[in-house]
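Me: I have a structure open on my screen and would like a close look at one part of it. Could you take me through the aromatic pairing and what surrounds it?

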Amino acid sequence: MTIEIDKGSGFCFGVTTAIRKAEEELDKSGSLYCLGDIVHNSNEVERLRKKGLETITHEQLNHLHNVKVLLRAHGEPPETYAIARRNGIEIIDATCPVVLKLQQRILQTYNSHDNPHPQIVIYGKRGHAEVNGLVGQTRSEAIVIEGIDEIDKIDYNRDIYLYSQTTKSVQEFKRIVEEIDKRVNGKVEFKSFDTICRSVANRIPQIRQFAEQHQLILFVAGDKSSNGRILFGECLNFNPNSHLISNETEIDDRWLRDISSIGICGATSTPMWLMNKVKECVEQQLGTEA
């Protein structure tokens with residue numbers, strides 16, 4: 001029996017940094033607020049909650065004063081920083097550098113003197129924390145499209161500036177660019193900016209290969225993980241015997257029958273310790289059966 005954990009899985013740089021900053025503060029003071037789940041994985045959120053990390057909503061932020069609040073890797077709109085200044089809140093900013101750069105680019109486009117009313121379009125998941133932060137750079141004027149079927153929302157008689165949430169599909173983004181390009185008025189300026197994080201995009205060919213190498217794939221991810229859904233979809237396409245689980249308790253021992261090779265992988269929001277627990281559980285189940 002071969003049981004292998006994908007070496008390319010686990011936290012991306014942005015999530016690793018956010019968790020490190022949270023743990024450093026928790027080691028010093030024993031408590032810290034975090035605006036929204038620090039990572040889209042309930043198991044990791046619970047681990048940090050036990051160490052003193054309290055997750056709060058934007059509504060709760062309005063009522064806090066003179067405390068420390070961590071901003072997670074997804075980033076926040078300008079209004080969040082304004083509230084913090086008003087309420088004497090010390091921000092521990094763990095916004096991912098890739099997301100921060102994207103925010104700055106969108107803000108620069110929005111404030112462009114050459115085009116005072118730019119039409120900014122963001123390819124991303126509506127309501128996602130990162131997307132909320134991006135839309136906030138435009139005073140909520142940006143148009144969010146979740147896929148190619150929503151490009152009718154765009155005004156093709158106005159200049160178009162297209163950006164992408166950092167964790168979206170490169171292939172789908174290219175398809176959207178091609179379709180918009182077909183529709184634009186000849187006098188209209190259309191610019192697209194591929195702002196997808198390569199730590200996610202580059203994992204796709206690697207995870208395809210990993211999925212093909214094993215008879216059974218256990219993909220570990222939280223139900224809120226955007227890139228988790230993308231990466232699991234890739235596993236499923238290349239290995240129909242792939243199963244999405246949030247932790248080791250969801251393993252069905254029937255999956256393990258007549259299997260000699262098992263691959264365990266996860267999203268960029270999946271902690272390595274959780275994938276190790278899944279491996280240990282599989283080993284125990286197989287040992288019991290034997």
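How many aromatic pairs does the count come to?

Reply: Happy to help! This is a predicted model, so a few ground rules apply: local features need pLDDT of at least 70, side-chain atom pairs count only at pLDDT 80 or more, and totals for chains, interfaces and linings use all residues. Residues are numbered from 1 along each chain as its sequence is written, and side-chain values use heavy atoms, with hydrogens and water left out.

The count comes to three aromatic pairs, where rings of Phe, Tyr and Trp (its six-membered ring) pair if their centres lie within 6.5 Å, and planes under 30 degrees apart are stacked, over 60 edge-to-face and the rest tilted. One of them joins tyrosine 163 to phenylalanine 193 in a stacked arrangement, with 4.6 Å from centre to centre and 15° between the planes. Tyrosine 163 belongs to strand S8 (residues 160–164), while phenylalanine 193 sits in the loop between strand S9 (190–192) and helix H8 (198–201), so the pair ties together parts that are 30 residues apart in sequence. Helices (H or I, at least four residues) and strands (E, at least two) are DSSP runs numbered from the N terminus. Tyrosine 163 and phenylalanine 193 are both buried, that is, under 20% relative accessible area with a 1.4 Å probe and protein chains only (exposed is over 50%, partly exposed in between).

Now to the sheet around S8. Four strands, in the order S7-S6-S8-S9, make an open sheet with parallel pairing; two strands pair if DSSP finds at least two bridges between them. Strand S7 (143–145) and S9 are the edge strands, each pairing on one side only. S8 and S6 run parallel and are joined by five bridges, with tyrosine 123 opposite serine 164 in S8. On the S7 side, strand S6 (residues 119–123) pairs in the parallel sense over three bridges. There, isoleucine 122 stands opposite valine 144, and valine 121 has isoleucine 143 as its bridge partner.

S6 is largely enclosed by the rest of the structure, because five of its five residues are buried. In a regular strand, side chains alternate between the two faces of the sheet. Both faces of S6 are covered: Gln119, Val121 and Tyr123 are buried on one side, and Ile120 and Ile122 on the other.

The stacked pair also shows up in a pocket lining. Tyr163 and Phe193 are among the residues that line the second largest pocket, together with others including Arg105, Asp114, Tyr161 and Lys191. On a 1 Å grid over the protein atoms alone, a pocket is an open set of points where a 1.4 Å probe fits, with protein on both sides within 12 Å along at least five of seven lines; lining residues have an atom within 4 Å of a point. The volume of the second largest pocket is about 180 Å³, counted as the space filled by probe spheres set on the points, which are joined across faces, edges and corners. H5 and S8 are the elements that give two or more residues to the lining of this second largest pocket, and H5 gives the largest share, three residues. By class, this lining has four nonpolar, four polar and three charged residues; Ala, Val, Leu, Ile, Met, Phe, Trp, Tyr, Cys and Pro count as nonpolar, Asp, Glu, Lys and Arg as charged, and the others, Gly among them, as polar.
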